[in-house]
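Here's a walk through one protein chain, written for someone meeting it for the first time. Keep the 3D view open and turn it as you read.

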Amino acid sequence: MTDPSAVLHPDFALDREAFQRLLGPLRPGLKLYCYRMLGSLHEADDAVQDACLRAWRGRYGFSGAGSAKAWLYRIATNACLDAIKRRGRTRRILVEDGSAPSTNLPEGAPAIELAWVEPLPDSELERIADAAPGPHARIEALEGVRLAFVAAIQELPARQRAVLLLCDVLGWSAQDVGALIGGSTAAVNSALQRARATMASRESRPAGTSGRGELAGGEVELLARYVRAWQERDLDDFVGLLKEDARYAMPPWREWYSGRDAIRQFFAAVWPRYGAFRLQETRANGQPAFALYARAGDKEPWRIHSLQVLEIDQGAIASIVMFMRELGRAHAGSFGLPTELPG
């Protein structure tokens, strides 16, 4: 786990510039780790800021033995654990626990009071200098940023969450993790087994789902058809792109839909309410994503409607998560997207 490039400058305790040189290459990875822990890019920013401040204030307590990377991850872990503790029983979700798929249109106001998992711009992944996991990793790096994975891990108790991420995603040994968060190797392994069992029962990755990088030719065409289906409001083609058991969720609305028939029924009722759509491609959580803009008339500006994150499985769309209304507008800035386009 020791990273020779992350060994502290001998004068770092007196030299803020040396401290920043140490922190700079590690900061994007710390932010991604905090995002996975907290399910929120904004909370991850706060946690990293908190961790950096703690590290600077506690710099005299670092002996110089071992890895500065491990020292910083320990501080970041404690910052995340404290943030989770301050939340109390609140945790971030994509779908409410125990809620059944809906067959009707939403009723009432969106649940803006709930804490929803936030999408991660792929630009955050590109800033990480070395994303290769350690030798003990069981989960691929891109698997560990998928929106569904990030949502599922929020269901774990906080320390189990940290153990699973450090061991199975980052690939650290149980012994190293025990030294980092406190506890014996046996205690870490026990927490890890419980976390793995919970994750196995809650979240699974569809085989063949595309990750970050170049899309296969068939997937490029699938996404082009997806854009055309929205912009031409071709419901048959849109539904034809979906897996039979596809899922559609739309935070901050509580309702979610399962299967082609239910999704068709929903969009058949909703699409006629809008004049026109335009999609702008982006990427989130290592997955294809789009900003959807809508307008009522030809002379009106295109206003952002939602941010969509897609999951592709074996040449079809397995899930669509649309962050709508306040969430769509709020996340647009994180992705460098405008909230309006000219008419």
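Helices and strands here are DSSP runs, numbered from the N terminus, with at least four residues for a helix and at least two for a strand. With that in hand, you can place Arg233: it sits in the loop between helix H9 (217–231) and helix H10 (235–240). Bear in mind that what you're looking at is a predicted model.

**The overall picture**

Counting up the secondary structure of the protein chain gives twelve helices and seven strands. The protein chain has 343 residues, and 52% of them count as buried. If you take contacts between residues at least 6 apart in sequence, 68% join residues at least 24 apart.

**A bent helix**

Start with helix H1, which covers residues 16–38. Its 23 residues would reach 33 Å as a straight helix at 1.5 Å a residue, but the end C-alpha atoms are only 28 Å apart. Where is the bend? H1 bends by about 50 degrees at Leu26. A proline, Pro28, follows within four residues. After H1 comes Gly39, with a positive phi near 70 degrees.

**Two cores**

In soluble globular proteins, nonpolar side chains tend to be buried together. In this model the largest nonpolar core has 81 residues, and Met37 and Leu166 are the members that touch the most others in that core. Another core lies apart from it, with 33 residues, including Leu223, Tyr226, Leu242 and Trp271.

Which residues does Met37 touch, not counting those up to four places away in sequence? They are Cys80, Leu81, Ile84, Gln154, Ala158, Arg161, Ala162 and Leu165.

Ala162 and Leu166 turn up again around Thr77, a residue of helix H3 (residues 68–87). Setting aside neighbours within four places in sequence, Thr77 is in contact with Tyr33, Ala162, Leu166, Leu180 and Ile181. Is Thr77 buried or exposed? Its relative accessible area is 1%, and buried means under 20%, so Thr77 counts as buried. The C-alpha atoms of Thr77 and Ala47 are separated by 8.9 Å, though the two residues are 30 apart along the chain.

**A pair of alanines**

Ala187 is in helix H8 (residues 185–202). It has a relative accessible area of 41%, which makes it partly exposed. From Ala187 to Ala174 there are 13 residues along the chain and 8.9 Å between C-alpha atoms.

Ala276 belongs to strand S3. Ala276 is partly exposed as well, at 24% relative accessibility. Follow it across to Arg295, 19 residues away in sequence: the C-alpha atoms are 5.7 Å apart. Arg295 is also one of the contacts of Ala276 outside its neighbours within four places in sequence, along with Tyr293, Ala294 and Trp302.

**Space inside**

How many cavities of 30 Å³ or more does the structure hold? There are three. The largest cavity contains about 60 Å³ of space. Its lining is made by Trp230, Tyr248, Phe266, Phe267, Val270, Trp271, Tyr274, Phe277, His305, Met322 and Met324. Helix H11 (260–270) and strand S6 (316–324) are the elements that give two or more residues to this lining. H11 provides the largest share, three residues. Trp271, one of the lining residues, is also among the members of the 33-residue core.

**Backbone oddities**

Most residues other than glycine have a negative phi, and most peptide bonds are trans. These three spots go the other way:

| Site | Backbone value |
|---|---|
| Arg233 | phi near 50 degrees |
| Asn285 | phi near 55 degrees |
| Pro251 to Pro252 | cis, omega near 10 degrees |

You've already met the loop that holds Arg233, between H9 and H10. At 34% relative accessibility, Arg233 is partly exposed. Asn285 lies in the loop between strand S3 (276–284) and strand S4 (287–295). Which is it for Asn285, buried or exposed? Its relative accessible area is 1%, so Asn285 is buried, the cut-off being under 20%. As for the cis bond, Pro252 is in the loop between strand S1 (242–249) and strand S2 (256–258).

Note on methods
Residues numbered from 1 in each chain as written. Predicted model: local features only at pLDDT ≥ 70, side-chain atom pairs only at ≥ 80, totals over all residues. Heavy atoms only, no water. Buried < 20%, exposed > 50% of the residue type's maximum accessible area, 1.4 Å probe, protein only. Contact = heavy atoms within 4.5 Å. Core = buried A, V, L, I, M, F, W, Y, C linked by side-chain atoms within 4.5 Å. Expected span 1.5 Å × (residues − 1). Bend = angle between axes of the 7 residues up to and from the residue. 1 Å grid on protein atoms, 1.4 Å probe; cavity = no way out; pocket = protein on both sides within 12 Å on 5 of 7 lines; lining within 4 Å. Points joined across faces, edges and corners; volume = space filled by probe spheres on them.
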